[in-house]
Structure formats: structure tokens, C-alpha cells
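Here's a quick tour of one protein model and its ligand. Have a look at the structure first, then read on.

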Amino acid sequence: MCGIVGYIGFQKASPILLAGLSKLEYRGYDSAGMATIEKNKIKIVKDKGRVENLYHLDETKKLEGSIGIAHTRWATHGIPSKINSHPHADNSNSFCVVHNGIIENYMELKKFLEENGYHFLSDTDTEVVPNLIDYYYQKEEQEDGQKVLRAVKQACSKLIGSFSLEILSVYMPDHMIVVRKDSPLVIGKSNDENYVASDIPAILGYTKDFYLLENFEYVVLSRDKIDFYDQDLNPIQKHTTTITWDAMAADKSGFDDYMLKEIMEQPTSIRETIGSRLDSDKCNFDELSFTKDYLSTLHQIYIIACGTAMHAGLAVKNTMEHLCKIHTEVDIASEFRYRNPLIDEKTLCIFISQSGETADTLAALKLSKENHAKTIAITNVLGSSISREADSAIYTHAGPEIAVASTKAYTSQITLMLLLIIYFAEVLENTDTAELKKIKDALLGLPNKIEDILKNTDTVATIAKNLFKEKDVFYLGRGIDYTTAQEASLKLKEISYIHSESYAAGELKHGTIALIEKDVNVIGIMTDPNLVKKTVSNMEEIITRGALTTAVVSDATLKLVDSSLFHNIIVVPDTITYLSPIITIVPLQLLAYYVSKEKGLDVDKPRNLAKSVTVE
Ligand code: AGP
């Protein structure tokens, strides 16, 4: 959580910092601030509230410096307030810091610094950092060009937790120092100007050449030079990675909200995910080299993730078992990491994460490696922590996802997982090739089917006009439709703040049906021809109790139900059952979107949430 951005060059820094912060607001938006150095003095402007507030402050207009650091906050320690906003400076205003992450041992460090004469203004964990740097700077006896860097290094060696830091100092007024540990940070290189940010889209408008930092690499930036050091401060060489997204990919491109844009992009993002993987006879995964021997001796596969990414795992669990005949479990990363799971070298762990930075997923990955499991990361962000930590990384290539509510990442995650499953099945040679061919053809047909859904959004927009007034909504489904119900329910609650639950349709009568009364809204997902009749029976039980029902059916299952039973019907195109979550979720993403709009809420920045959950 939290977004940081930095600029060093020949232009006025503040407009560049503000533009970068606006693009990073999906990471947190309860306060914002920035600092520049002018005439050897650190100048800080910060306040509670959104980045937009900073634009209007007189102090912002007065910032002239051409070197600056900035921060948009998702509060962890201390309420959102001006004093708790970043940047934070040391007591003598010689060092100034923005920080993304959490300093777990900040209480001990605070005590230590207080005993050494320092005092604190805020309730944050971050404020210890500039003061600790100052403490070590004062202790340094050797006067040379690396005195500040050594103080930063000594301070960082005392920090427990996660951090990406941008540091300004009056002792090096033409430089910026940055470092990261378990929190993301990239450096953008341009001519006589350099940029730093938590995420590529924030600075994609200025450069396409990026350095991806490893943990404890220290970087000293000036306007025309970037020097890299390892954790012992030995100089190191790094190479840039060129990013192929254009800046438009990270803009709203005329849509009211990022979420709507990202829903609409799904035909394209799925095409990108498939890419050239289906070009040949065999499913193409050059970055992996699994052998029949290895896969056939596996005892189990774990798919581990959080939130929507975990739902993508649920959507493919049965497919993995059916096609590869390997026992597969899906686990929530925050549970997995603390439950002492049974994993060994005969376990394959697959981690799904859009951001590639989710703290619990990263911790679960490290745990799996410690227990000798082989690990694969499925992420959307090149060079992200999870993709670098795993034994192998494969990318969804869905393009930047900015809205907090994940949409196109989910459909791309399922698509990529299905491709991976086909690849495993082909290596294992234990599935009929005709069946695999059917799935491949169906995958290639997905984008056109989603385009058809997106051409006509009137039905869901109309349903939203009634649904937005509700307090509770239930989503029901069986089999693969139950996994879609779970994701649809999460989508609705996170952006509309309506209480919503998902249930396996057959489970309802074991308790929850007690909540069904007249006019309660229930959405039944029934796209699996083998299970539709069963779910209809469950829907009839709730219709008898006065519920208002919406049926989500496919062209094929529509023929198997009496549509007059339901108040609303949403019809999606047919596909083979394994792929149905990718299609069925689309109108339900739109439904959540329209409900949120009807309520007048901020769709892209729902309350209390942040896009990238880099804290536990
Ligand atoms: C989805 O809409 C959420 N905002 C959230 O559940 C998200 O999927 C989860 O935090 C995992 O994020 P990741 O994919 O970046 O790891």
C-alpha cells in the first residue's frame, strides 16, 4: 500500500510529482505530500485527503525545486492527518523520507532514538527512518562523498519489515537516494532526468526504460547519472528493461472510470494472455521445462493467492484435477503461511497475483521454497517481487490494471492457468488430445464472445437500477458456477458496500436459507448444463419464500429452465464448462460497476481498500 514517486532533473519537480501521485492513488488515498530541496533547504507540503487537495494548496505552487519526492498514503500507523502524512523529516530537517511498507520494529527504534535525544511528531512508523539516518550520519567520522549513503545503509540495516524509501538530504542537495526491501520500486531513466516510482504506470509517460531493483540495492540518483550499489555498498552494474506498454494503456482513454475501461478491455487482454502460446500443436511455455517424470511424481499442486486472484485459482482447481489427474488444493495465502502446510519436493506451488507484490502471497511463496516445493508465479507485473522470488514466472500480459476492483486480471489469470493446465496435460500425455484441442479452440473463441456481451450492457444496467437500494444480495451457484458466484459477490461488496454473500446452492438449506425472506435479492448462476436443474430447484425454494431472483444462464442452459420463474435473466454465450467463469463473470462485473455508479460512489477507489496489499 502507499505509492511513492520521485523526480530529479531540470524541470520544476512538483507538477511531475503530482501527476505521478495521481496515477498511484490506487495504492492509497487518505493523505498525500511531497518535498523538494531549494537553496539547500528541504521544503515539505502535505495534507490529509486525496492528491487533488495538494494541487490547490498555495504552498504547492511555491515549490520551485527540480528534485523531489512524493507520497500517497494508505494509513497503517496513525490516523490519516497532516502530521502523519509523508514526507517525514528528522529533527534537524536535514533528511527527508517517503516510505512504502511497514517498519515492524519502529517502537524499539523510537525508544532508542528518544534515549539519544530525538523527539517525534507523528504516530507513524516511518518517522524513525529520517531520524535514524541522522543518528548514523552524526556518528560517521569519515568525511567523503559517501557519508550520507553509509548513514542510509546503517539505518536500513536496523529496519525490520518492508520498505521502499526515497531520501533527500541537505548534505547532498543534488542527489536522491533510494532503496527497497520487499516493497516495490522502479527507476525510470531518461535524458538528464530520472524518475522513481512504486509502479511503472506512474512514470510511463516520461520513459520506457526502467531499472528493476532487488532487495537492498542502494541507488544514488542525480539528474544525469544513476549509481547502483549492493548491500555492502560495492558498485554494481544494472541493465534497463524496456516496457512495451504505451502511456495510453495506463490512462482512462475516455472512459469515466478505470474499472469500466478494464472490463471493456477484456477481449484484448485475453488475446494478449493467449499470445502465441497456442501457435503450435503443443501449448507453448518456453519459460518452463517440466518433464513427464517430474509431473507424474507430484503428490499435489497448491494454488495460493488472495482475493480475486484466489478466486481465479478456485475456478481452475477442478480442471487441473480432471485433466492432469493431480490432487490440487487452493489456499488463501494468509492462511497457508501460518498453518504449517504439508509441502515437500513432491509439491508444486503456483502463486497467482496481479500486482506480484501481495505480502501474504510473497510470504507463502518463501515458505514453500523453504520446504523444497517447486514454485511458479503467475503475475501481471514484470519484475515484481513474487515473479522474481519464484523458481519460474509466467505473465498474464493483461496490461496495467489500475482500478482497485480486479477485473481483467481475473479473466487473464484463469486463461493463463488453463493454458498451463493444457501444457501439463500435454507433457503428462494422460489426456485425450481431442479433448485438449476442444479446450484450445474454445479459448481462442473467448474474446469474440466477451465482445458480444460487452456490446449490450442494457440488461445489467437496468437490473442495477433496482439493486443499488438493497442491503443484502446473495449469489448462488453449483460447481464451477459457485466459483463465479464467489468472485461476483466480492466485486459487488468491494465497490458498492452492499452486504453480499456467495453460497454453493446446495448448501443454502443447511442454515443460510433462514435469511431468505420477501424481496431479498438472490442471483443464481446456472451455466453448467449438468447442474442447472439442481440449482433451479434451489432457486425455486427461495422463490417460494418471496425472494427477488436473477438467473444468469448460458444460451444452452436457458433452454433447460423456465425463465418465467425469475424476475431478471442475464444470458451469456455458451462455452465449454471449464472456461465458463471467464465469460460468466463479465456481466456480473458490469452489474457491480453499475450498482456502484447508481450509488454515486468512487468506483476506482473504494473506501478502506488499496490496489496492492503489501502489508500483512
Ligand atoms: C480484487 O478486486 C481485490 N481488490 C483483491 O481481492 C485482490 O485481488 C487481492 O488483494 C490480490 O491482489 P494481487 O492479485 O495483486 O495479489
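## Aromatic pairs

This is a predicted model, and counting ring pairs whose centres lie within 6.5 Å gives 15 aromatic pairs. Take Tyr137 and Tyr171: their ring centres sit 4.1 Å apart with the planes at 10°, so this pair counts as stacked. The cut-off for stacking is planes under 30 degrees apart.

Where do the two partners sit in the chain? Tyr137 belongs to helix 5 (residues 128–139), while Tyr171 is in the loop between strand 7 (161–169) and strand 8 (176–181). They are 34 residues apart, and the pair links distant parts of the chain.

## Who surrounds the ligand

Now over to the ligand, which takes up the space of the largest pocket. There are 15 residues around the ligand, and Ser353, Gln354, Ser355, Thr358 and Glu494 come nearest. Sorted by character, the shell has six nonpolar, seven polar and two charged residues.

Helix 10 (307–324) and helix 17 (480–496) each chip in with at least two residues of that shell.

## Polar contacts and burial

Which parts of the protein meet the oxygen atoms of the ligand? For Gln354, a polar backbone atom is 2.6 Å from a ligand oxygen. Ser406 also uses a polar backbone atom, with a ligand oxygen 2.8 Å away. With Glu494 the contact comes from the side chain: one of its polar atoms lies 2.4 Å from an oxygen of the ligand.

As for burial, the ligand taken alone would expose 410 Å², and the protein buries 90% of that.

How values were computed: Residues numbered from 1 in each chain as written. Predicted model: local features only at pLDDT ≥ 70, side-chain atom pairs only at ≥ 80, totals over all residues. Heavy atoms only, no water. Near = heavy atom within 4 Å. Polar contact = N/O pair within 3.5 Å; in protein donor to acceptor, adjacent residues only side chain to side chain. Areas by Shrake-Rupley, 256 points an atom, 1.4 Å probe, with all protein chains shown as cover. 1 Å grid on protein atoms, 1.4 Å probe; cavity = no way out; pocket = protein on both sides within 12 Å on 5 of 7 lines; lining within 4 Å. Sits in = over half its atoms within 2 Å of the grid points. Helix = DSSP H or I, 4+ residues; strand = E, 2+ residues; numbered from the N terminus. Nonpolar A, V, L, I, M, F, W, Y, C, P; charged D, E, K, R; others polar. Phe/Tyr/Trp six-rings, centres within 6.5 Å; stacked < 30°, edge-to-face > 60°.
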